[in-house]
Amino acid sequence: MTKNLAGGCLCGAVRYSAQAEPMMVGNCYCTDCRKASGTSHGTHAAIPDSAFSLAGETKAFERAADSGNIVIRAFCPTCGCAIFSRNTGIPGMTFIRVSSLDDPDQVEPQITVYASRAPAWAPLDRSKPVFDLMPEGGPGAVLADG
Ligand SMILES: [Zn+2]
Ligand SMILES: [Zn+2]
């Protein structure tokens with residue numbers, strides 16, 4: 001079942017759409033996702049690059065994850081809204097920041113990673129798999145790590 005995902009930034013300069021059923025949706029509580037998020041974690045929906053269509057200019061911040069892979073975090077240079085990320089260790093995938101979706105209820109997180117770095121006050125969804133770090137080769141391996 002293909003979804004028609006649409007989203008964009010706060011000021012409206014960046015818009016995107018994606019015709020895809022996300023391969024994975026996950027919460028990441030790593031330090032980088034937290035600092036980029038404004039709260040305790042980032043929620044990412046993994047889709048193929050080929051399904052992702054972007055309009056407007058983004059700026060990107062690149063930083064190495066624990067794995068050594070480079071995570072590229074794209075955001076609106078005007079309003080700072082996080083839009084998507086990519087990971088050099090997972091070519092061909094775009095990780096939409098679920099917070100930027102027009103309707104975030106189109107997706108539902110299936111796993112949580114880097115739970116060991118979550119603030120004590122963060123409510124983790126323990127009804128789904130929770131990993132202390134990034135699971136090797138597991139379902140979370142398609143998430144933007146670090
Ligand atoms: Zn903007
Ligand atoms: Zn993260």
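Let's start with Cys 76, which is buried, its relative accessible area being just 1%. Bear in mind that this is a predicted model. Cys 76 offers its SG to the zinc ion (ligand 1), and so do Cys 9, Cys 11 and Cys 79, with the coordinating distances running from 2.3 to 2.4 Å. Cys 79 sits in another setting from the one we began with: at a relative accessible area of 28%, Cys 79 is partly exposed.

What arrangement do the four donor atoms make around the zinc ion (ligand 1)? The angles they subtend are 105 to 119°, and because every one of them falls between 85 and 135 degrees, the arrangement counts as tetrahedral. For reference, ideal angles for four tetrahedral donors are 109.5 degrees. Along the chain, the donors of this zinc ion (ligand 1) follow the pattern C-x1-C-x64-C-x2-C.

Now for the zinc ion (ligand 2). Its protein donors are the SG atoms of Cys 28, Cys 30 and Cys 33, at 2.2 to 2.3 Å. Their spacing in sequence reads C-x1-C-x2-C. Cys 30 and Cys 33 are both buried.

With this many cysteines around, how many disulfides does the structure hold? The count is zero. Take Cys 81: the closest cysteine sulfur belongs to Cys 79, but it is 5.1 Å away, and a disulfide needs the sulfurs within 2.5 Å, so that is too far for a bond. Cys 81 counts as buried too, because its relative accessibility of 18% is under the 20% cut-off.

On to the nonpolar side chains. In soluble globular proteins, these tend to be buried together. Here the largest nonpolar core has 20 residues, and the members that touch the most others are Leu 5, Ile 47, Phe 52, Ile 83, Ile 96 and Leu 101. Strand 2 (15-19), strand 4 (42-48) and strand 8 (82-87) are the elements that each give two or more residues to this core. Apart from it there is another core, made of twelve residues, including Met 24, Cys 28, Ile 90 and Met 93. You've already met Cys 28, one of the protein donors of the zinc ion (ligand 2).

Ile 47 is a good place to finish. Which residues is Ile 47 in contact with, once its neighbours within four places in sequence are left aside? Leu 5, Ala 18, Ala 20, Pro 22 and Phe 52 are on the list, along with Gly 92, Met 93, Thr 94 and Ile 96.

Technical notes: Residues are numbered from 1 along each chain as its sequence is written. Chains are lettered from A and ligands numbered from 1 in the order in which they are written. This is a predicted model: local features need pLDDT of at least 70, side-chain atom pairs count only at pLDDT 80 or more; totals for chains, interfaces and linings use all residues. Side-chain values use heavy atoms; hydrogens and water are left out. A nonpolar core is a set of buried Ala, Val, Leu, Ile, Met, Phe, Trp, Tyr and Cys residues joined through side-chain atoms within 4.5 Å. Buried means under 20% relative accessible area, exposed over 50%, partly exposed in between (1.4 Å probe, protein chains only). Helices (H or I, at least four residues) and strands (E, at least two) are DSSP runs, numbered from the N terminus. Contact means heavy atoms within 4.5 Å. Donors are N, O and S atoms within 2.8 Å of the metal (3.2 Å for Na, K and Ca); water is not among the atoms, so sites may look incomplete. Four donors count as tetrahedral if all angles lie between 85 and 135 degrees; four count as square planar and six as octahedral if opposite donors are over 155 degrees apart and all others between 65 and 115; anything else is irregular.
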